[in-house]
Amino acid sequence: MPTHAERAVVVLAAGAGTRMKSDRQKTLHEIGGRSLLSHSLHAAAGVHPNYLVAVVGHQRDQVSPAVDTIAEEMQVTILQAVQEEQNGTGHAVQIGLTAIPEFQGTVVVTNADVPLLQPETIQALVDTHEREDAAVTVLSLEFSNPTGYGRIIRDADGNVLEIVEEKDASEEQRRVREVNSGVFAFDGAVLRDALTRITTDNAQGELYITDVLGIARADGKKVAAFTAPDARELAGVNDRVQLAAAGKELNRRLVERAMRAGATVIDPDTTWIGVEVEIGRDVVIHPNTQLWGSTVIGDGAVIGPDTTLTDMEVGPRASVVRTQGELGVIGEDATVGPFTYIRPGTELGARGKLGGFVESKNAKIGADSKVPHLTYVGDATIGVGTNIGASSVFANYDGVKKHHTVIGDHCRTGSDTMFVAPVTVGDGAYTGAGTVVVNDVPPGALAIKEGRQRNIEGWVEANRPGTDAAEAAKHARES
């Protein structure tokens with residue numbers, strides 16, 4: 001028996017997944033911000049194999065580029081093998097081994113539709129396999145209702161004899177509760193030899209990888225099993241219902257991890273956290289909050305309720321309420337919301353504010369600066385200690401090109417100011433309410449709109465006779 005000095009993992013991702021009823025290949029559907037395929041490849045890479053192989057087939061025009069992207073993100077090499085015709089799991093493994101033709105160590109076979117499987121469980125399977133000096137070790141599960149799974153058949157001494165698929169099982173065998181997860185560790189040489197001897201003599205007319213166990217036993221080699229500590233890890237995803245169930249279980253783990261690391265989650269059932277999100281200590285997350293992508297929440301921040309952040313950086317002690325944000329930065333002690341929309345490229349400085357019904361995009365807002373109400377800030381730089389008046393608009397688009405607005409330090413701009421880019425407002429400058437700024441404002445200057453207010457007496461009574469407004473005006477004038 002080889003010493004298993006090296007290890008390889010083969011991830012099967014070639015299936016059609018017709019029950020998903022989707023134009024997207026099954027393993028590319030996502031939970032927790034990662035595709036099923038990505039979850040599986042991350043778990044496989046977690047045991048640090050010498051070789052990692054993905055077997056692609058159905059809709060490989062989608063899957064193959066996804067594998068390349070995942071490999072780049074993980075900074076590992078993932079080999080690909082193409083299964084042109086899907087003829088069972090045994091055939092898929094045969095194809096997978098063509099990518100590593102000289103490899104003879106331990107070969108782990110897993111599936112791309114078991115996104116909850118942890119690297120630690122795969123490692124425990126490999127450790128058991130090599131410690132037992134087994135030819136084959138199956139990762140097994142204990143289910144109270146094993147319907148649909150292949151049964152693990154043991155002899156009177158508890159030794160694993162074979163795996164019988166449900167369609168081929170007898171009534172007695174179907175009562176067995178220990179089932180096959182579809183994840184195995186093999187001696188490479190034994191696997192290669194057995195794959196040349198399996199047949200399609202079964203109800204499905206396919207090559208079953210499970211038949212390798214019977215061949216190994218018949219050759220007098222040891223077959224072992226390692227029972228997964230948590231059967232939920234091996235829950236397969238074949239349709240949208242199972243996808244949602246797996247997503248919910250993954251989210252339960254992630255929310256629990258955040259709480260055990262020192263965050264307070266007010267309502268775990270309505271809080272969703274992606275796998276790459278980082279949450280600091282003493283963070284408080286209120287209900288109906290979703291944190292996705294590479295979002296980072298600093299210590300002591302308060303997030304939500306009703307908030308969705310994707311690829312956001314939130315500084316310590318910041319408050320973000322009823323906000324949607326993507327690809328932006330919120331500084332320490334800053335306040336955002338309610339009903340705020342942060343678009344990519346926004347950077348809010350320390351102790352800054354983006355208030356109610358404010359939208360920002362590609363905007364750098366300095367420390368202690370505030371945009372409190374009903375304002376759009378697009379393609380702008382705002383200095384430190386500046387206050388932007390309510391209902392202001394940074395008019396950044398001329399119909400052809402986007403232009404930039406610069407507001408200096410310690411400025412005070414009046415309500416309903418329109419900044420028509422490109423324009424610069426100097427340090428310490430003010431603008432009057434309703435000003436349309438089309439030219440640069442020097443430091444310390446006050447910019448006001450042209451023309452004085454003019455009142456046309458009697459206009460309503462003359463032009464809107466008989467209206468409530470006209471009657472009210474008449475009564476006020478005569479009283």
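**Figure 1. Strands E16 and E19 pair in the parallel sense over four bridges.** The structure shown here and in the figures that follow is a predicted model. Strand E16 covers residues 289-292, and leucine 291 stands opposite leucine 309 in E19. E19 also pairs with strand E22 (residues 323-326), again in the parallel sense, over three bridges. In E22, the bridge partner of leucine 309 is glycine 325. Leucine 309 therefore has a partner in each of two strands: leucine 291 and glycine 325.

**Figure 2. Side chains alternate along strand E19, residues 307-310.** Thr307 and Leu309 point to one face of the strand and are buried. Thr308 and Thr310 point to the other face and are not buried.

**Figure 3. Arginine 317 and glutamate 332 form a salt bridge between two loops.** The N to O distance is 3.8 Å. Arginine 317 lies in the loop between strand E20 (313-314) and strand E21 (319-320), and glutamate 332 lies in the loop between strand E23 (329-330) and strand E24 (335-336), so the pair ties together parts that are 15 residues apart in sequence. Arginine 317 has a relative accessibility of 45% and counts as partly exposed. Glutamate 332, at 35%, also counts as partly exposed.

**Figure 4. A salt bridge joins glutamate 132 and lysine 222.** The side chains of this pair meet at 2.5 Å, N to O. The two residues are 90 residues apart, and the pair links distant parts of the chain. Glutamate 132 sits in the loop between H4 and strand E7 (136-142), whereas lysine 222 sits in the loop between helix H7 (211-218) and strand E11 (223-227). Both ends of the bridge are partly exposed: glutamate 132 has a relative accessibility of 30%, and lysine 222 has a relative accessible area of 39%. The whole structure has 22 salt bridges.

**Figure 5. Arginine 260 and glutamate 256 form a salt bridge within helix H8.** The closest N and O atoms of the pair are 3.3 Å apart. Because arginine 260 and glutamate 256 are four residues apart in helix H8, about one helical turn separates them. Arginine 260 is exposed, with a relative accessible area of 70%. Glutamate 256 is partly exposed, at 32%. Both residues belong to a network of salt bridges that also links Asp230, Arg232, Glu249, Arg252 and Arg253.

**Figure 6. The largest pocket has a volume of about 1,600 Å³.** The pocket is lined by 49 residues, and those closest to its centre are Arg19, Thr89, Asn111, Asp113 and Asn238. At least two lining residues come from each of strand E1 (7-13), helix H3 (89-97), strand E6 (106-111), strand E10 (178-187) and helix H8 (240-260). By class, the lining has 18 nonpolar, 22 polar and nine charged residues.

**Figure 7. The second largest pocket holds about 440 Å³ of space.** Its lining consists of 18 residues, with Gln118, Leu250, Arg253, Leu254 and Arg257 nearest the centre. Helix H1 (36-45), helix H4 (119-131) and H8 each supply at least two lining residues. H8 gives the largest share, seven residues. The lining divides into seven nonpolar, four polar and seven charged residues. Arg253, named here near the centre, is also part of the salt-bridge network.

**Figure 8. One cavity of 30 Å³ or more is found in the whole structure.** The volume of this largest cavity is about 30 Å³. The residues that line the cavity are Ser40, Ala43, Ala44, Thr110, Asn111, Val114, Leu117 and Ile122. H1 and E6 are the elements that give two or more residues to this lining, and H1 provides the largest share, three residues. Five of the lining residues are nonpolar, three are polar and none is charged. Asn111 lines the cavity and is also among the residues closest to the centre of the largest pocket.

**Figure 9. Residues 9-230 carry a domain annotation in UniProt.** The unreviewed entry lists this span as "domain: Nucleotidyl transferase". In the model, the span is 30% helix and 25% strand. The C-alpha atoms at its two ends lie 21 Å apart.

Terms used
Residues numbered from 1 in each chain as written. Predicted model: local features only at pLDDT ≥ 70, side-chain atom pairs only at ≥ 80, totals over all residues. Heavy atoms only, no water. UniProt positions renumbered as here; feature names shortened; annotations may be inferred. 1 Å grid on protein atoms, 1.4 Å probe; cavity = no way out; pocket = protein on both sides within 12 Å on 5 of 7 lines; lining within 4 Å. Points joined across faces, edges and corners; volume = space filled by probe spheres on them. Nonpolar A, V, L, I, M, F, W, Y, C, P; charged D, E, K, R; others polar. Salt bridge = Lys/Arg side-chain N within 4 Å of Asp/Glu carboxyl O. Buried < 20%, exposed > 50% of the residue type's maximum accessible area, 1.4 Å probe, protein only.
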